[in-house]
Structure formats: C-alpha cells, structure tokens
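Student: I have just opened this structure and would like to be led through it with questions. Could we look at the model together?

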Amino acid sequence: MPRSSVRDADMRRSRPLVISADEIRARIQADFQRGGKAALVDEDCPGISVHPAAPLPKHEELTWCTRPRGPYRVREHTCLCQPVHYELISCGGIYMFHRVIGVDRPKHSYAGGWRVAEARLWWRRLLAGQVC
Ligand SMILES: [Zn+2]
C-alpha cells in the first residue's frame, strides 16, 4: 500500500491529541490480543514498519521538547498506523527522537541529542517499551 493511502486512511480518523503511557500500553495490548495477523490485514497498516512495544510499567521517561535542534533527516521510523509514531532523526551529527501523537492535529515532540551508537541503543529501548 502506498504511503499516501495510509495517510488518507489516517486522516479519516479522529484521535485524541494526548495519550498517556497507560493508554498506549492498553491499545497495543488490545491489538496484540486480536492476533499477530490482525495488523497485517488491517487496511490501515501496510505491515512493513515496526510497531513499538507498549511502554513497560517501569519504563524510563525521556525529556521531550517542542523543537528539534535543526533541520533533520529521518533515519528510522515506526509504523504510521499506530496512534503514536516515532522517528529516529539526525540533525547534523546529533540524533534525536521525533514523536508524533494524533493525526488530525498532530502533536510533535523531540527528545535526545545523542551520537549514533548511543542513539541506536535508545531506539532499541524505545521499540522494546523500556523508554517512553
Ligand atoms: Zn502498522
């Protein structure tokens, strides 16, 4: 499915702008309980990009701010079908996370400021639900 179709599908939905870690966890657990194949046949999910794990009960909180350090390139991203999606971005030689919550009026926030090796470690923690 082309990316634009995913965006169009997302645009038809109405989602809250702010989602708590508990709500993210509940949504992902509900998705998991529908079965591993559910995501692959969901018309809104191309089934290509990773879905981050739900935040663990004892996850670490990152400090999020409203702006990146400068112009950036997207290096990795999670699936756009999720209510919250993340990008690993690089601004010059510095890596950050870009978090997008909601679709209709998305809320953008940024965290980090790492060199590449450290950023990859944080990215794996994020995908595993160890940080949020
Ligand atoms: Zn997906």
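Student: Which residue in E5 does Cys65 stand opposite?

Tutor: In this predicted model, strands E1 and E5 pair in the antiparallel sense, and 2 bridges hold that pairing. Cys65 has its counterpart in E5, and the residue standing opposite is Tyr110.

Student: In what order do the 5 strands of the open sheet lie?

Tutor: The pairings can be followed from one strand to the next, beginning with E1 and E5, which pair in the antiparallel sense. From E5 the path leads to E4, since these two are joined by 7 bridges and run antiparallel, and E4 in turn pairs with E3 over 8 bridges. E3 also pairs with E2, here over 4 bridges, and the order of the open sheet is therefore E1-E5-E4-E3-E2.

Student: Which are the edge strands?

Tutor: An edge strand of this sheet is one that pairs on one side only. That description fits the strand covering 64-65 and the strand covering 73-77, and their names are E1 and E2.

Student: What is the bridge partner of His77 in E3?

Tutor: E2 and E3 form a hairpin with 6 residues between them, and the two strands pair in the antiparallel sense. Within this pairing Glu76 stands opposite Leu88, while the bridge partner of His77 is Glu87.

Student: Which strands does helix H4 touch as it packs on the sheet?

Tutor: Helix H4, made of residues 116-127, packs on the sheet, and its direction makes about 135 degrees with that of E5. The strands it touches are E2, E3, E4 and E5.

Student: Which residue has a positive phi in the turn between E3 and E4?

Tutor: E3 and E4 form a hairpin, with 2 residues between the strands. Cys91 has Ile94 as its bridge partner in E4. The residue in the turn with a positive phi, of about 65 degrees, is Gly92.

Student: What is the phi of Gly102 in the turn between E4 and E5?

Tutor: E4 and E5 form a hairpin with 5 residues between them, and Ile101 stands opposite Lys107 in E5. Gly102 lies in the turn of this hairpin, and its phi is positive, at about 85 degrees.

Key: Residues are numbered from 1 along each chain as its sequence is written. This is a predicted model: local features need pLDDT of at least 70, side-chain atom pairs count only at pLDDT 80 or more; totals for chains, interfaces and linings use all residues. Two residues are in contact if their C-beta atoms, placed from the backbone, lie within 7 Å. Axes are lines fitted to C-alpha atoms, for helices over the stretch in contact, and angles run from 0 to 180 degrees between N-to-C directions.
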